[in-house]
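Please open the model in your viewer and keep the sequence panel beside it. The tour below goes from one selection to the next and says what is found at each stop.

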Amino acid sequence: MPDVDTRPESTDETDDDSPKMFHYVRKNKIAESAVMGTHVVALCGEVFPVTKSPKPGSPVCPDCKKIYEGLLPGE
Ligand SMILES: [Zn+2]
């Protein structure tokens, strides 16, 4: 059974208020990042630090979305 225990995380590449893209990241990686201070790797392969929560309405990374939906059971 695939691990679908993920949650969206946004990249934090800029300091402006423009919408940031969500990436799906495995929760255990987020916890590891919080403890170790490491970057997380999204389903699509994007690597970034977890520093902010995603803003509602931000666009979802199409690659992450496709991969995430592919992991969902009952497809
Ligand atoms: Zn992504």
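**A tour of the predicted chain**

Begin with the whole protein chain selected: residues 24 or more positions apart account for 43% of its contacts with a separation of 6 or more, where two residues are in contact if their C-beta atoms, placed from the backbone, lie within 7 Å. This is a predicted model, in which local features need pLDDT of at least 70 and side-chain atom pairs count only at pLDDT 80 or more, while totals for chains, interfaces and linings use all residues. To find each stop, note that residues are numbered from 1 along each chain as its sequence is written.

Next, colour the chain by pLDDT, which is the predictor's confidence in each residue, from 0 to 100. The mean for the protein chain is 74, and 67% of its residues reach 70 or more. Among the elements, strand E1 has the lowest mean, 65, and helix H2 (residues 62-71) has the highest, 89. Where pLDDT is low, the predicted coordinates should not be read in detail.

Switch now to a cartoon view, in which the protein chain comes to two helices and four strands; these are DSSP runs numbered from the N terminus, helices being H or I of at least four residues and strands being E of at least two. From the N terminus on, the order of the elements is β-β-α-β-β-α.

Select Lys 20, which sits in the loop between strand E1 (6-10) and strand E2 (22-26). Lys 20 counts as partly exposed because it has 19 C-beta neighbours inside 10 Å; a residue is buried with 20 or more other C-beta atoms within 10 Å of its own, exposed with 12 or fewer, and partly exposed in between, the C-beta atoms being placed from the backbone. Add Ser 58 to the selection, and you will find it 38 residues from Lys 20 in sequence but 5.6 Å away in space, C-alpha to C-alpha.

Move on to His 23, in strand E2, which counts as buried because 26 C-beta neighbours lie inside 10 Å. How far apart in space, C-alpha to C-alpha, are His 23 and Tyr 68? The distance is 9.8 Å, with their positions 45 residues apart in sequence. Tyr 68 belongs to helix H2 and is partly exposed, with 19 other C-beta atoms within 10 Å. From Tyr 68 to Tyr 24 the C-alpha distance is 7.3 Å, although the two are 44 residues apart in sequence.

Now select the largest nonpolar core, whose eight residues are Phe 22, Tyr 24, Val 25, Val 40, Ala 42, Val 50, Cys 61 and Cys 64. Its largest share, three residues, comes from E2. Such a core is a set of buried Ala, Val, Leu, Ile, Met, Phe, Trp, Tyr and Cys residues joined through C-beta atoms within 7 Å.

Turn then to helix H1 (residues 27-36), which lies largely in the open because the number buried among its 10 residues is zero. Just after H1, stop at Gly 37, which takes a positive phi of about 75°.

Finish at Glu 46, in the loop between strand E3 (40-41) and strand E4 (47-48). With 18 C-beta neighbours inside 10 Å, Glu 46 counts as partly exposed, and its C-alpha atom is separated by 9.4 Å from that of Val 25, 21 residues away along the chain.
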